[in-house]
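Visitor: I'd like a close look at the charged side chains of this protein and how they pair up. Could you take me through them slowly, and set them against the rest of the fold?

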Amino acid sequence: MNKFKIALIVVLGIVAFSACEKDDICVDGDTPLLVLRFYDKDDTTEVKAVSDLEVKGLNGTEALAAIPNASADSIVIPLRADTGTTSFSLSRNLTPTDENTANIDTITFNYETREIFVSRACGFIVNYDGLNGSTASDADVWIDEIRIVTPSVENSSSAHVKILH
């Protein structure tokens, strides 16, 4: 009877520990961000920084701050995964000392979402396909053209959109 108890304990121990799985660690489970690069409208191969740029995400009528006052030749912004449209307000302050001289353009991106299962630890990520953009502006336009470089947003390592100003 003693040998039976020992064998039963060993078998139960083997079964219990064989059911355990290793811990999953999520290494590459991030939904990619949209990369915008700003170029000179006269020489479309030359990168041109935008000074005093402010970017706000638009959620219906509500504006959500994404990037405050910055000077950059490229920005990285998130796209909404719950809908096929994301809008941003991009404003360029013409006179840094006077906030009333801001020149505001609105960019809207349309796309299709594609969910991809990465792992149990990471869950799902969203990639974006068929990206296209349009702009609406006030009377004084500072964004001349939007060019889609890569219509599929699958990583954040290179520019997806070229903005000429």
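Guide: Happily; we will start with the whole chain, go through the charged pairs, and end in the nonpolar core.

Please keep in mind that this is a predicted model. The mean pLDDT of the protein chain is 84, and 85% of its residues reach 70 or more. Confidence varies between the elements: strand β1, residues 34–39, has the highest mean pLDDT, at 95, while helix α1, residues 2–18, has the lowest, at 71.

As for the overall layout, the chain holds one helix and nine strands. In sequence order the pattern reads α-β-β-β-β-β-β-β-β-β, with the helix leading and the strands following. Of the 165 residues, 30% are buried. The accessible surface comes to about 10300 Å², and carbon and sulfur atoms account for 53% of that. If you take the contacts with a separation of 6 or more, 54% of them join residues 24 or more positions apart.

Now to the charges. Side chains of opposite charge can pair when their charged atoms come close. In this model the count is seven salt bridges.

Let us begin with R37 and D73, which form a salt bridge whose closest N and O atoms are 3.4 Å apart. This pair links distant parts of the chain, since R37 sits in strand β1 and D73 in the loop between β3 and β4, 36 residues apart. How buried or exposed are the two partners? R37 has a relative accessibility of 25%, so it counts as partly exposed. D73 is also partly exposed, with a relative accessible area of 29%.

The next salt bridge is between D144 and K41, at 3.6 Å from N to O. Here too the pair links distant parts of the chain: D144 belongs to the loop between β7 and β8, K41 to the loop between β1 and β2, and 103 residues separate them. D144 is partly exposed because its relative accessibility is 41%. K41, at 46%, is partly exposed as well.

A third salt bridge to look at joins D82 to R80, with the closest N and O atoms 2.9 Å apart. D82 is exposed, as its relative accessible area is 61%, whereas R80 is partly exposed at 29%. There is also a network to point out: salt bridges that share partners join R114, D129 and E154.

R80 has another polar partner in N59, which lies in strand β2, residues 50–59. The side chains of N59 and R80 make a polar contact at 3.1 Å. Apart from residues up to four places away in sequence, N59 touches L64 and R80. The C-alpha atoms of N59 and S87 are 7.4 Å apart, although their positions lie 28 residues apart along the chain. N59 itself counts as partly exposed, because its relative accessibility is 35%.

Let us return to D129 from the network. D129 is in strand β7, residues 123–137, and its side chain makes a polar contact with the side chain of R114 at 2.7 Å. Is D129 buried or exposed? D129 is buried, because its relative accessible area of 19% falls under the 20% cut-off. Leaving aside neighbours within four places in sequence, its contacts are Y111, E112, R114, P151, S152 and E154. Both of its network partners, R114 and E154, are therefore among these contacts.

For contrast, let us finish in the interior. The largest nonpolar core has 24 residues, and L34, I77, L90 and F109 touch the most other members. The elements giving two or more residues to this core are β1, β2, β4, β5, β6, β7 and β9. L90 shows how varied the surroundings of a core residue can be here: not counting residues up to four places away in sequence, it touches F38, L53, E54, V55, N103, I104, D105, I107, W142, I143 and I163.

A polar residue to set beside L90 is S91, which has its place in strand β5, residues 85–93. S91 counts as buried, because its relative accessibility is 11%. Beyond its neighbours within four places in sequence, S91 is in contact with D52, L53, E54, N103 and I104.

Conventions. Residues are numbered from 1 along each chain as its sequence is written. This is a predicted model: local features need pLDDT of at least 70, side-chain atom pairs count only at pLDDT 80 or more; totals for chains, interfaces and linings use all residues. Side-chain values use heavy atoms; hydrogens and water are left out. pLDDT is the predictor's confidence in each residue, from 0 to 100. Helices (H or I, at least four residues) and strands (E, at least two) are DSSP runs, numbered from the N terminus. Buried means under 20% relative accessible area, exposed over 50%, partly exposed in between (1.4 Å probe, protein chains only). Contact means heavy atoms within 4.5 Å. A polar contact is a pair of N or O atoms within 3.5 Å; within protein, one must be able to donate a hydrogen and the other to accept it, and residues adjacent in sequence count only if both atoms are side-chain atoms. A nonpolar core is a set of buried Ala, Val, Leu, Ile, Met, Phe, Trp, Tyr and Cys residues joined through side-chain atoms within 4.5 Å. Accessible areas come from the Shrake-Rupley method with a 1.4 Å probe; for residues, only the protein chains shown count as cover. A salt bridge is a side-chain nitrogen of Lys or Arg within 4 Å of a carboxyl oxygen of Asp or Glu.
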